[in-house]
Amino acid sequence: TDTCGAGKFSTAGAADCSPCAVGKFQPSVGVSSCAACVPGRFQANSGQSSCSACPGDGSYQPDEGKAFCLACPAGKYQGQSAQIACSGCVAGTFSGAGVGACTDCDGGKLSAANAPTCTACAPGRFSEATSMSTACTDCAAGKYSMAGTSACSVCAGGQWSEANSTACTACTQGRYGSSSLDQTSDAYCSDCTAGTTQASQGTTYCDACGAGRHQSAPGLTTCEACPSGRYSGASAATCQQCEGGKFADSESAVQCDTCLAGTFSTDAVGSISCSDCADGQYSAAGVTVCSGCAAGRKGDVGTVKTSGAHCTACASGMYQNEMGRTACTPCEAGRFGAGGSTSSSCSGACPGGKWSLAQSATCSGCDAGRFGSSSIDGTSVGHCSACEIGKHQAGTAMTFCDACVAGKFQDGAGASECQDCLA
């Protein structure tokens, strides 16, 4: 009778040996049965003398007599051989099915125990890359994050955020982010000061108003043009009035122009143009008032008014007692004027024995043989009367006649001398 070899068995009365079934083994010869593989081991083939250990690659077998090992489910692992169960992944790690070890969650992700996958941190939160994260942390104020990040990003200049923010908020138009303040609230943003503006959002500066423009209020987006009659330099909160003697005839002036000689502008308000000096007046450049021609002089109409050359002296027999006039006044009959730059009035009345017509430079004397009568004014030659019979006057401009002396006579009126009596 033959003996059954290892991996085989036979029962009483059997005609032949039978191989051990899968999941069983028999290391001995001449036996009547096979043994089941213990938990943690398996045998996939029949007729075997031993069982194999479940390898430490994420497999296990809790039951005896099995032909195969089971894969560890996701969230568990087994790195040792011949094991009857898998171990759960600790929080902060994960595994797929059938693995020998759990994997740490990447930065920006977390897991609970026995997790098959890691979960991304929500936007506004983070977990560090070097940690086996079991929880995510809120981003601090002044920072932000997208989902699944290992670190929060700092808000760019001109932006701010509160804690747990998914994005930063830009400073609005008319405002800027100040480097001296934390980016943790809207208080980080400051209004642009007067003289500056900002048309964009999220900036760290304001733009200065250009020369010829201004902005008087804070926190605005545009500068305004200086109106005509005013000007400004850069960064101006207000425009300045043109000074007297200057003007600006258009908007956005960076300086005022000087009035030309012969013109003027007042200093009461910013002028948009200069006015011509009136006839009888003149000016140098850049003055607030024109100068009048002095008394005794007149402005010549039609001549340039850029200097005192516009004024000429009153002619002889004329006068002007006011400033800024364009004509001189004739001296009245019976008066005279020498003329010239100082003739603010006629020189005076003609004295007795003299007379003048209007606009006379001098008085004319009564002729010889005539005299000036006190009872007749000196406005014409009629002031002079002929000497009576028996009188004479050899001189001129006299107010009396002399009687003929003894031995002389004059039998005609208006004589300049007496005649000798005949012997």
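These are my notebook entries on one protein chain, looked up in a predicted model.

**Entry 1: the whole chain**

I began with the secondary structure. The protein chain has 48 strands and 0 helices. Next I looked up how spread out the chain is. Its radius of gyration is 65 Å, well over the 22 Å that the globule rule gives for 423 residues, so the chain is more spread out than a compact globule. The spans along the principal axes add to that picture: the C-alpha trace covers about 235 × 30 × 20 Å.

I then asked myself what share of the residues is buried. Buried residues make up 31% of the 423 in the protein chain. For the surface, I noted that about 21800 Å² is exposed, with carbon and sulfur atoms supplying 50% of that area.

Two more whole-chain values went into the book. Among contacts with a separation of 6 or more, 38% come from residues 24 or more positions apart. On charge, I noted 32 negative and 21 positive side chains, and the centres of these two sets lie 4 Å apart.

**Entry 2: serine 95**

Is serine 95 buried or exposed? With a relative accessible area of 3%, under the 20% cut-off, serine 95 counts as buried. I found this serine in the loop that runs between β11 (93-94) and β12 (103-104).

Which residues surround serine 95, once those up to four places away in sequence are set aside? I listed Pro73, Ala74, Gly75, Lys76, Cys89, Ala101, Cys102, Ala115 and Pro116 as the residues it touches. Lys76 deserved another look: a polar atom of the serine 95 side chain lies 2.8 Å from the backbone oxygen of lysine 76.

I also took one distance along the chain from here. Serine 95 and alanine 403 are 308 residues apart in sequence, and their C-alpha atoms are separated by 163 Å.

**Entry 3: threonine 203**

Threonine 203 sits in the loop between β23 (196-197) and β24 (207-208). I have it down as buried, at a relative accessible area of 9%. Its side chain has a polar atom 3.0 Å from the backbone oxygen of tyrosine 205. Beyond the neighbours within four places in sequence, threonine 203 is in contact with Gly158, Arg175, Tyr176, Gly177 and Gln198.

**Entry 4: histidine 310**

My next stop was the loop between β35 (297-299) and β36 (311-313), where histidine 310 has its place. The relative accessible area of histidine 310 is 1%, which means it is buried.

What lies 3.2 Å from a polar atom of the histidine 310 side chain? I found the backbone nitrogen of glycine 280 there. Gly280 is also in the contact list for histidine 310, which leaves out neighbours within four places in sequence and includes Asp279, Gln281, Tyr282, Cys293 and Lys298. Further on, Gly299, Asp300, Thr303, Val304 and Lys305 are among the contacts too.

**Entry 5: threonine 258 and alanine 147**

Here I turned to two partly exposed residues. Threonine 258 is part of strand β30 (residues 257-258) and counts as partly exposed at 41% relative accessibility. Not counting residues up to four places away, threonine 258 touches Gly245, Lys246, Phe247, Ala285 and Gly286. I also looked up cysteine 223, which is 35 residues from threonine 258 along the chain; the C-alpha atoms of the pair are separated by 26 Å.

Alanine 147 belongs to the loop between β17 (143-144) and β18 (153-154). At 47% relative accessibility, I logged alanine 147 as partly exposed. Its contacts, leaving aside neighbours within four places in sequence, are Cys121, Ala122 and Pro123. For Cys121 I noted that its C-alpha atom is separated from that of alanine 147 by 5.5 Å, with their positions 26 residues apart along the chain.

**Entry 6: two alanines and their phi angles**

A reminder to myself: most residues other than glycine have a negative phi. Against that, I wrote down alanine 82, whose phi is near 60°, a positive value. Alanine 82 lies in the loop between β9 (76-77) and β10 (87-88) and is partly exposed, with a relative accessible area of 29%.

Alanine 397 also has a positive phi, of about 60°. I placed alanine 397 in the loop between β45 (391-392) and β46 (402-403). Its relative accessible area is 22%, and alanine 397 is partly exposed.

Note on methods: Residues numbered from 1 in each chain as written. Predicted model: local features only at pLDDT ≥ 70, side-chain atom pairs only at ≥ 80, totals over all residues. Heavy atoms only, no water. Helix = DSSP H or I, 4+ residues; strand = E, 2+ residues; numbered from the N terminus. Rg over C-alpha atoms; globule rule 2.2 N^0.38 Å. Buried < 20%, exposed > 50% of the residue type's maximum accessible area, 1.4 Å probe, protein only. Contact = heavy atoms within 4.5 Å. Areas by Shrake-Rupley, 256 points an atom, 1.4 Å probe, with all protein chains shown as cover. Lys, Arg positive; Asp, Glu negative; His and termini not counted. Charge placed at Lys NZ, Arg CZ, Asp CG, Glu CD. Polar contact = N/O pair within 3.5 Å; in protein donor to acceptor, adjacent residues only side chain to side chain.
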